[in-house]
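Open the structure in your viewer and keep the selection tool ready. We will go from stop to stop, picking out a few residues at a time.

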Amino acid sequence: MAPGDKKVIYLDGHSDTVQALRDQWHDKLGGAVDPYNGLVDAAKLDRDAIRAELGYLPPDDEWEHLVFGRGTADQLAGVISQIVATKILLELAPEGALRGAIVRSYATVAEEDNDGGGPRYLVSRVLPGAPPELVPDVVIFTEGTGDNQKGALGIYRGQRGRMQIEVTVTGRSCHGSMPHLGLNPLEHGGAILAEAAHRAATEGFAEHEFLGAGTRTASWCSLDTPSDCAVPDRFTFRFDRRLTVGETPEGALAEVERLDAVAAARDAGLTVEITVPTYEQPTHTGYVLGNDQIYPGWETPEDHPAIVAAVDGYRRVVGPRIVEPPGGATAGARRQRPRVDRWVVSTDGVGFPVPADTTDIDVPASKRWVASGDMRHPALFGFGAGVEQNTHRIGEHVDQRELEHAIA
């Protein structure tokens, strides 16, 4: 079969992790578990302390299967799964494992603070003008797809989008003993934050029956002040805004612009700027992507052949290997039957949608890309070890049995 006629499958997993709060791991877990070295002293293991930190843990008699450490669930287990799966595919290629298919396995960087940066590089720098054997028919994300109530190892076919909204409040600094001579951006900025939180809690945002509701939360801040006994000069903070179907970045910015506290700050003489920040941090190679921090959501239809194949694969390969307890599995345990769902968190999937009218990427109709409003993308879905609610948490871990199923 000619390379251009083969199905092209990408495996995608991000190799970066969030910062490990090592002292907190030691303090809260009694020194039994280290974020880099895992379980270091089983005699000190305080199971109640770990349970208090996490969304799901298996029964005590199954803890021998757990691997603890920062990044185990988010999402180094997925990268390891890709490595082992790729090795198996190569070893079985003489027996036909790759007949009619090309598999490209990517470990991306900088996903935690710039979701989809790796795929965004591919669609902007690699795929334009590329031959069909480079253009994906389907992308499989190895990000964890477990849920602390619904079960481990879901097949996830969508997620909300997200964006960062930066608010800069600039006032006039003066000595703290004479605040009437200044304009305090911290106090006015605090009022904006308080009103935004109140409105988010009481008014809510758009909802989608599958992807869920939009959300907004304060996520970062920086204060420019000459001292702790002065009125500050500038207060900058950001909102993490999750966007569901029916919401737009322009609308999300307008929501913040309409806050009464924003108008009050401007009326008092302060400057309030509401913008979308640009991601300017260089990668380990020095490359700067320079994208606006807007990350589009996506959804692959449940009847797409890629999702149908994933469900069939689970039924044939994973389900028969799982023995559920009498009465069936509960909470975040593994299930015999496939579960098709969506992520709460964001993933590398946000990097693949491109404008529907893009002509520099040649996508044959046979690749069955998904049209979504004014965007399009290859069929995207996720399957990976790890429970979403356990990620970025003290005591993060992965059940190594899930790795076996993900690899298979």
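**Stop 1: strand β6**

Select β6 and show its side chains. Val138 and Ile140 point one way from the strand. Val139 and Phe141 point the other way. Are these four buried or exposed? All of them are buried. Keep in mind that this is a predicted model.

Now look at what lies beside β6, which covers residues 138-141. Strand β1 is joined to β6 by 4 bridges, and the two run parallel. Find two of the partner pairs. Isoleucine 9 has valine 138 as its bridge partner in β6. Leucine 11 has isoleucine 140.

Which other strand is joined to β6 by 4 bridges? Select residues 379-382, which form β23. This pairing is parallel too. Here phenylalanine 141 has glycine 382 as its bridge partner.

**Stop 2: strand β1**

Go back to β1 and select residues 7-14. The strand is mostly covered, with 6 of its 8 residues buried. Then add residues 101-108, strand β5. How many bridges pair β1 with β5? There are 8, in the parallel sense. To see one of them, pick glycine 13 and its partner in β5, alanine 107.

**Stop 3: a nonpolar core**

Select Val167, Ile192 and Val272. These residues have the most contacts inside the largest nonpolar core, which has 20 residues. Which elements each supply at least two residues of this core? Colour them one by one:

- β9, residues 161-170
- α5, residues 185-202
- β15, residues 234-243
- α6, residues 249-257
- α7, residues 260-267
- β16, residues 271-275

Both helices and strands are on that list. There is a general pattern to remember here: in soluble globular proteins, nonpolar side chains tend to be buried together.

Zoom in on valine 272. What does it touch, leaving aside residues up to four places away in sequence? The list is Val167, Thr168, Val169, Ile192, Val262, Ala265 and Arg266. Two names from the start of this stop, Val167 and Ile192, are among them.

**Stop 4: a nonpolar patch on the surface**

Now turn to the outside. Select Ile80, Ile83, Val84, Ile88 and Leu92. Together they make a nonpolar surface patch of about 390 Å². Click on isoleucine 83, which is found in helix α3, residues 72-92. Why does isoleucine 83 count as exposed? Its relative accessible area is 52%, and exposed means over 50%.

**Stop 5: salt bridges**

How many salt bridges does a search of the whole structure find? The total is 29. As a general rule, side chains of opposite charge can pair when their charged atoms come close. Visit three of these pairs.

Start with arginine 51 and aspartate 60. Their closest N and O atoms are 2.1 Å apart. Arginine 51 is partly exposed, at 34% relative accessibility. Aspartate 60 is partly exposed as well, at 39%. Add Arg47 and Asp48 to the selection. Now you have a network of salt bridges that links Arg47, Asp48, Arg51 and Asp60.

Next, select arginine 157 and glutamate 302. Their salt bridge is 3.8 Å, N to O. How many residues apart are they in the chain? The answer is 145, so the pair links distant parts of the chain. Arginine 157 sits in the loop between β7 and β8. Glutamate 302 sits in the loop between β18 and α8. Arginine 157 is buried, at 8% relative accessibility, whereas glutamate 302 is partly exposed, at 46%.

The third pair is arginine 241 and glutamate 247, at 2.9 Å, N to O. Arginine 241 counts as buried, at 0% relative accessibility. Glutamate 247 is buried too, with a relative accessible area of 15%. Both values fit the rule that buried means under 20%.

**Stop 6: an open sheet**

Finish with β20, β22 and β21. In that order they form an open sheet of 3 strands, with antiparallel pairing. Which are the edge strands? They are β20, residues 354-355, and β21, residues 370-372, and each pairs on one side only. Select β22, residues 375-377, together with β21. These two run antiparallel and are joined by 3 bridges. For a last click, pick alanine 371 and its bridge partner in β22, arginine 376.

Definitions and conventions: Residues numbered from 1 in each chain as written. Predicted model: local features only at pLDDT ≥ 70, side-chain atom pairs only at ≥ 80, totals over all residues. Heavy atoms only, no water. Salt bridge = Lys/Arg side-chain N within 4 Å of Asp/Glu carboxyl O. Buried < 20%, exposed > 50% of the residue type's maximum accessible area, 1.4 Å probe, protein only. Core = buried A, V, L, I, M, F, W, Y, C linked by side-chain atoms within 4.5 Å. Contact = heavy atoms within 4.5 Å. Pairing = 2+ DSSP bridges. Patch = residues over 30% accessible without salt bridge, like charges linked within 9 Å, V, L, I, M, F, W, Y side chains within 5 Å. Areas by Shrake-Rupley, 256 points an atom, 1.4 Å probe, with all protein chains shown as cover.
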